[in-house]
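Here is a set of short exercises to work through with the model open beside you. Try each task before reading its solution.

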Amino acid sequence: MALFPAFAEAAKNKVDDSAKELDWLNNKSFLTGDALSLHSRFTDKNSEKPNQREASAARDLTSTEEEERGGSEVPPKKKKKKSEKRRKKKKKHKKKSGRYSSSNGSDSDNIYPSDLKREEEEVRQQAPLASHFSWLDDLQSPTDQPFCVDRKPDPANWTYKSLYRGDIARYKRKGTSSLGLNSQRQAVSWDDSETKKKQKGRDSKAADRYYSTASRQMLRSEPPIPVLSSDNSDAFRSTAFLPLGDVDKDNKESGDRVQTLSVNPLGVYDSSTTLWLQGKGPQDNQKVELETEETPVRVVGRTEEFNKRLREQPTDTQLWIQFINYQDEVSAVAFGGEEEQQGSDSAERRKSSYRAILEKKLSIAERAVASNPTCIALQLEKLKICQELWEPSALAKEWKKLVFLHPNSAPLWRKYLLFTQSYFSFFTVTKVNSAYGKCLSTLSAVRDGSMLSHPAPPGIEEDMLDIFTQQCHFLRQSGHSEKAISLFQAMMDFTFFKPDSVKNLSTKQQVEFFEPFWDSGEARVGEVGAKGWKSWMIQQERGGWVQPSEEEEEDEEEEEEEVKDGSLPRAAVWLDVESSREAAHWLPWRPDKTKGQSEEDCEDPDRQVLFDDIGPSLICLSSPELQLRLLLHFSSFLGLPVHSAPPSALCQPDLLLENLSLLTQGNDPQRPLTSYDLPDPGVNPVGHMTTLQGTRKWAGLGRQGEKFLTNVLNTMQPLLPPHHRAVLSLCWIQYEKLKVLRCLRSAHKKRLRSQGKSSKRVVRRLLKEPENRSSLALWREYAHLEWLLGNLDEARKVFSTAAAMGGANGLSSPALCDLCLLWAQLEVEDGVKEHAGRLPDVTTSPAVCVLARLAEGASSGSVSPVFILKARRSFEQALDQNIQRLQSDKEGSSEESLRLRELVGCFILFQYLTVGIQAAMAVYAQARERMEELLLKPAPEGQQNRNKTVAPEASPSADLTNRTGRLASECEALSVQQAALLRFHGSTAVFPLATLRQMLTSALSAWPNSAPMWSMYLQVENRHHSAGRARRFFHTVTRDGSSSVVPRLFAIVAEQQRKQLVDAAQRSCCFDKPSPLLPEIGLSNRIRGLFESAIATETGAHCSLLWRMYIHFLVSEGKVEKARGIFYKALQSIPWAKGLYMDAARLFPEHLQEFVDLMTEKELRLRLPLEELDILLED
């Protein structure tokens, strides 16, 4: 057939020649009959369309006429609206018209033959199907095709472009496999359905809740509520709570309610609502109250108040500092707190917001400094901000400029030295040591008056002595013990052996005269044959020294093998040899001329100290009290327990803490009352440089060190006045007793026996001196030493003899009261041991006999009830007299008048043994109340006038500070005594711990740096598994960021002990089974949080003990990499602490070379280089 149907007949009439026919022009599927039938149907349809259009047009015309007729009364606007609606309806009607509806020849009205054919086929196929739905059970005869055709269209399919999710069968796919597929070669990728994607999208775009970050930022973006009126001067001090109304106001409001029963019948409305219901406004006084009670909700509004007050008072430095600190609150409002800084870009947001606040603080600080150029506090605040913004070189330049402008400010110098000491970028030991020398030489010039531009402030010598002591401890902590000892030796000669011919010269000139003596090679203080600078000057004028012909025999120590076990790891061997050399070679090396030695014979050049290293640090001390304090600092540096000198308020004790003994003192169950007699300061003496948990090699300083210490004390004692000599002798005896205590704790009987003999020999020699024979304090220490060695009968004889010597003074002698108190406490401890944990009878108690005889001033006598009553009456009268004398201040500020601890302690113990614990606590409460009143009471003018003649450097304010400090130390010592007594009573009888806990919390709130009381507090709280009370108390004490680091250390120790207790309890549940993995109970994270908060403070950041404890804790938890990161973080704050490097070498031995290189770079003292270690290991 031809391709064109019109010529189909012509094609048939032709000759059928298939070879010549073009087959591709034939359309074999075309049927002529079908084409004619479709054409006829098409013509029929077109003939019906005009009739239908005419009928519909007529219907539309009649409907419009009716609407116009009915709406003639409607306004024109409504007619216009109705016409618009009709047009829209017509358009919709046209769109919804059938498929074959014509539109005057438009494309949509065309009907094609193929459409008609398709419709015909669909009707033919769907004919046998049912036309309505029915249940299968209702069918009477089953059909072949149980289906139904739903011809009703669903417009939702056109609107939503998909089926309704409820019409689609749901199923859960288990697995990703598919039947009939080869799992190795073929697979099906199952994607989430479109509905799930829409659900996820809808969840991600859900509305924010009220607590979300966006909602809170929207609330903060609102304008702040206006602040109070400018008339209120305290407007910028907004309170953090809403004050409640007073009782009178409430009564007044209740009266108003009663009067207005008609408006307020139930009495539920307040006064303002009642007035509003009556149609009245608030009264004038109520308006004032409403205005004054309004407080700003938004802290941002306080900025305007600050700016206004600072414009009016630009010289108010405290207000400037408050404004600078206030910016932290503004940042919390503007950028959100920590809880809102959580997200993918939280670190970047925190960093940007923090830097923005720092820059804002810096601009405020610059304005403050411009308004107050002479204020040092504002300058320090500015430098504190710049420390996180500027480069190290620019920051150091600014510090030097500041100390150049204020060379007479000791606090500023102390801040500058701490900056140079703790800034890792340009820290070296040489730079810091030269900075100390520059500081002391500058302050000496100010003190001498040679710097005319700046006058000398009061107390400058005391500040210089504190800075000098801090320099010596810095050198000791960095390993340069030889330089520290040489500094103290030079100061001893420079202070106590100064020639009379140079005393009137300036400090710089005196140092120039001192240099030849130092370089002459003559014996110095502590060395054999030392005679001092003054004698050397006299002999030089006469022609020099006459060398003695005989040689003094010296016991040389046998040299031990340094490497004891070569099989140990390399780092362990290095640590052992380094600590051994530190303990043995802390004295400076001097050539022995009798043996023909010279400076070239020294194997370690660092053991020699040149004058350039110590000359700039020499200072002049004119006051005898300061000279004694210098000697006591030297003694404490050598390891002597020194408690006589009052601590300086300007020193920084947290820098020196490095011994764990501070946190474990007082845990001696054998001596519950007397274990706090010698509190441990937590500072390592010279020669004790080991790891944090390392043990002491000797009880003292070794043979060579003990000889040096003996020479120092024997040389210095003749130069002191009698009362200062007694103080030094007391420290010496206490040092001997401390060595015996260390041997007792080590349980080494042979060492204890030898140490006891040598200590008794030293004490007896001191007691034989004429000025010490009547010293009750020395006899007390000797009797205690005999008691510790187990010689109870000998100790009682010494106590009795000493009490007979001072028996005439009775309760008026603090030294006698102290002696009898110690005697009574030792007797109580011994009596409890003999009576199986119970106190003996009152009439047979040796302690009661001792205290009663003390009160009555009798040396002998039996204890009877009448004797006890008389003794109690004597105690009461003596206590009242001492308190009245202290209040009236008749004796001035003498030390004897301020010593109430001994008398009150004796009275408390006497009442406890004779009456009970309640009577003892009543005595303590009375004494503490009176002493706290004295602490708050200012000194009278008469006393200040008398104090002006005490010393050239003394001032009324300084003397008042010393008096207050001594009184506060007495109160603290008395609190320790009371806590120890309560704890002892709890171990011998049934007693509620609430009393002891309340007493400790009250005392620790007043004296938060008392390590003995914190130790007892931990022992009390660790008996309970509930930690909430202790945690709240620690948080209360450590809330202030500028407080000492001691409470934070004990808070960490408390959590560590609690964690050990929980771990032990969990392991004990396993019995013989292997220990399973312990569940995490949150204590590790809490301890880490406490460490982080502690090192974030200014005092904790420079405490080496805190950093080293943190590193050890992380290693014990198995977090070695984090611990190593904390080590490098610690180097940024305490790069001078050699103990930190030694801890790192022990905990991370694989990085020993790196740590040694760091020590060499920062010029820390390295006594064993690794090259020498390799040689020792080969040998």
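**Exercise 1. Place arginine 725 in its surroundings.**

Task: Find which helix holds arginine 725, and decide whether arginine 725 is buried or exposed.

Solution. This is a predicted model, so read each step as a statement about the prediction.
- Step 1: Arginine 725 belongs to helix α27, which spans residues 722–746.
- Step 2: The relative accessible area of arginine 725 is 17%. Buried means under 20%, so arginine 725 is buried.
- Step 3: Setting aside residues up to four places away in sequence, arginine 725 touches Gln717, Pro718, Leu720 and Glu771.
- Step 4: With glutamate 771, the side chain of arginine 725 also makes a polar contact of 3.4 Å.

**Exercise 2. Look just past helix α27.**

Task: What is the sign of phi at alanine 747, and where does alanine 747 lie?

Solution.
- Step 1: Alanine 747 sits in the loop between α27 and α28 (749–767).
- Step 2: Its phi is positive, near 60°, in a residue other than glycine.
- Step 3: Alanine 747 has 65% relative accessibility. Exposed means over 50%, so alanine 747 counts as exposed.

**Exercise 3. Find the two sides of helix α47.**

Task: Which residues of helix α47 (residues 1152–1161) are buried, and what covers them?

Solution.
- Step 1: List the buried residues of α47: Leu1152, Phe1155, Val1156, Leu1158 and Met1159.
- Step 2: These residues cover an arc of only 155° around the axis, so they lie on the same side of α47.
- Step 3: Turn to the other side of α47, where Thr1160 and Glu1161 are exposed.
- Step 4: The cover over the buried residues of α47 includes α22 (570–584), α45 (1120–1131), α46 (1138–1147) and α48 (1170–1178).
- Step 5: After α47 comes glutamate 1163, in the loop between α47 and α48. Glutamate 1163 has a positive phi of about 65° although it is not a glycine. At 32% relative accessibility, glutamate 1163 counts as partly exposed.

**Exercise 4. Examine an acidic residue in helix α46.**

Task: Is aspartate 1143 buried or exposed, and which residues is aspartate 1143 in contact with?

Solution.
- Step 1: Aspartate 1143 lies in helix α46.
- Step 2: Its relative accessibility is 2%, so aspartate 1143 counts as buried.
- Step 3: Leaving aside neighbours within four places in sequence, aspartate 1143 is in contact with Thr691, Leu692, Arg1108 and His1112.

**Exercise 5. Work through three salt bridges.**

Task: The structure holds 44 salt bridges. Take the bridges of glutamate 461, glutamate 786 and glutamate 1055, and state where each pair lies and how buried its residues are.

Solution.
- Step 1: Glutamate 461 pairs with arginine 447, with the closest N and O atoms 2.9 Å apart. The pair links distant parts of the chain, 14 residues apart: glutamate 461 in helix α18 (residues 460–477) and arginine 447 in helix α17 (residues 429–448). Glutamate 461 has a relative accessible area of 0% and is buried, while arginine 447, with 26%, is partly exposed.
- Step 2: Glutamate 786 and arginine 764 meet through their side chains at 3.8 Å, N to O. Here the partners are 22 residues apart, glutamate 786 in helix α29 (residues 776–788) and arginine 764 in helix α28. Glutamate 786 counts as buried at 1% relative accessibility, and arginine 764 counts as partly exposed at 40%.
- Step 3: Glutamate 1055 and arginine 1058 have their closest N and O atoms 3.2 Å apart. Both are in helix α42 (residues 1046–1068), and because they are three residues apart, about one helical turn separates them. Glutamate 1055 is buried at 3% relative accessibility, and arginine 1058 is buried with a relative accessible area of 10%.

**Exercise 6. Step back to the whole protein.**

Task: How many helices and strands does the protein have, and what percentage of its residues are buried?

Solution.
- Step 1: The protein has 48 helices and zero strands.
- Step 2: Of its 1179 residues, 41% are buried.
- Step 3: Take contacts between residues at least 6 apart in sequence; 67% of these join residues at least 24 apart.
- Step 4: The protein exposes about 68,400 Å², and carbon and sulfur atoms supply 52% of this area.

Notes
Residues are numbered from 1 along each chain as its sequence is written. This is a predicted model: local features need pLDDT of at least 70, side-chain atom pairs count only at pLDDT 80 or more; totals for chains, interfaces and linings use all residues. Side-chain values use heavy atoms; hydrogens and water are left out. Helices (H or I, at least four residues) and strands (E, at least two) are DSSP runs, numbered from the N terminus. Buried means under 20% relative accessible area, exposed over 50%, partly exposed in between (1.4 Å probe, protein chains only). A polar contact is a pair of N or O atoms within 3.5 Å; within protein, one must be able to donate a hydrogen and the other to accept it, and residues adjacent in sequence count only if both atoms are side-chain atoms. Contact means heavy atoms within 4.5 Å. The arc is that of the directions from the helix axis to the C-beta atoms. Accessible areas come from the Shrake-Rupley method with a 1.4 Å probe; for residues, only the protein chains shown count as cover. A salt bridge is a side-chain nitrogen of Lys or Arg within 4 Å of a carboxyl oxygen of Asp or Glu.
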